[in-house]
Amino acid sequence: MNERDIIQKTTDHVRGLLSGEGSGHDWFHIERVRNVALTIAREESADLFVVELAAHLHDVADWKFAGGDHDAGPRAAREWLAALNAPASTIDHVANIIASLSFKGAGVETPMTTIEGQCVQDADRLD
């Protein structure tokens with residue numbers, strides 16, 4: 001499966017999961033984060049594929065809505081991307097971004113270590 005197919009399947013998957021979600025972490029939030037993250041990523045010459053996937057998947061299983069399970073988001077992203085046969089390096093990168101984003105609200109200082117993660121983090125904080 002090519003990158004465009006993975007992005008499209010992920011878009012459809014996340015839209016289906018989060019449409020009508022009432023906490024503010026709905027599909028519209030995801031789409032806004034995606035758009036802003038990609039704008040930043042283009043300016044910063046970041047990996048657009050990783051940024052788009054992480055932006056789409058960053059709230060799919062957020063710890064605040066998964067019974068406090070801080071690994072739920074990264075685990076859900078890994079499982080989804082593995083099912084699509086995404087490259088292992090992409091899966092690791094996206095899961096690490098989501099893990100670092102998840103802890104932002106948990107009162108734990110977790111600096112974002114990659115430019116792709118910084119793009120998604122900044123976009124999420126702006127929304």
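**Exercise 1. Work out what share of the contacts joins residues at least 24 apart in the chain.**

Start with the term: two residues are in contact when heavy atoms lie within 4.5 Å. Next, keep the contacts between residues at least 6 apart in sequence; 60% of these join residues at least 24 apart. Bear in mind that this is a predicted model, where local features need pLDDT of at least 70, side-chain atom pairs count only at pLDDT 80 or more, and totals for chains, interfaces and linings use all residues. Residues are numbered from 1 along each chain as its sequence is written, and side-chain values use heavy atoms, with hydrogens and water left out.

**Exercise 2. List the elements in order and find how much of the protein is buried.**

Helices are DSSP runs of H or I with at least four residues, strands are runs of E with at least two, and both are numbered from the N terminus. On that basis the protein has 6 helices and 0 strands, giving the order α-α-α-α-α-α. For burial, take under 20% relative accessible area as buried, over 50% as exposed and anything in between as partly exposed (1.4 Å probe, protein chains only). Of the 127 residues, 45% are buried.

**Exercise 3. Find which residues of helix 1 are buried, and how they sit around the axis.**

Begin with the dimensions: helix 1 has 16 residues and reaches 22 Å from first to last C-alpha, close to the expected 22 Å. That expected span is 1.5 Å times one less than the number of residues. Now pick out the buried positions: Ile-6, Ile-7, Thr-10, Thr-11, Val-14 and Leu-18. They cover an arc of only 135 degrees (taken from the directions from the helix axis to the C-beta atoms), so they lie on the same side of helix 1. The background is simple: an α-helix has 3.6 residues a turn, so residues three or four places apart point the same way. The cover over these buried residues includes helix 2, helix 3 and helix 4. On the face turned away from the buried side you'll find the exposed residues Arg-4 and Gly-16. Last, check the N-terminal end: Asn-2 caps it, with a side-chain oxygen 3.1 Å from the backbone nitrogen of Arg-4.

**Exercise 4. Trace the salt bridges and say which residues they join into one network.**

The criterion is a side-chain nitrogen of Lys or Arg within 4 Å of a carboxyl oxygen of Asp or Glu. Searching the whole structure turns up 5 salt bridges. One of them pairs Glu-52 with Arg-4 at 3.2 Å, N to O. It links helix 3 (residues 48–57) to helix 1 (residues 3–18), with the partners 48 residues apart. Glu-52 is buried at 5% relative accessibility, whereas Arg-4 is exposed at 55%.

Another pairs Arg-34 with Glu-31 at 3.8 Å. These two are 3 residues apart in helix 2 (residues 27–44), so about one helical turn separates them. Then there's Arg-78 with Asp-92, whose closest N and O atoms are 2.7 Å apart. That pair connects helix 4 (residues 72–83) to helix 5 (residues 88–104). Arg-78 is partly exposed at 33%, and Asp-92 is partly exposed at 35%. As for the network, salt bridges with shared partners join Arg-4, Glu-31, Arg-34 and Glu-52.

**Exercise 5. Describe the surroundings of Ala-123.**

Locate Ala-123 in helix 6 (residues 115–126). It is buried, at 1% relative accessibility. Setting aside neighbours within four places in sequence, Ala-123 contacts Val-33, Val-36, Ala-37 and Ile-40.

Notes
Polar contact = N/O pair within 3.5 Å; in protein donor to acceptor, adjacent residues only side chain to side chain.
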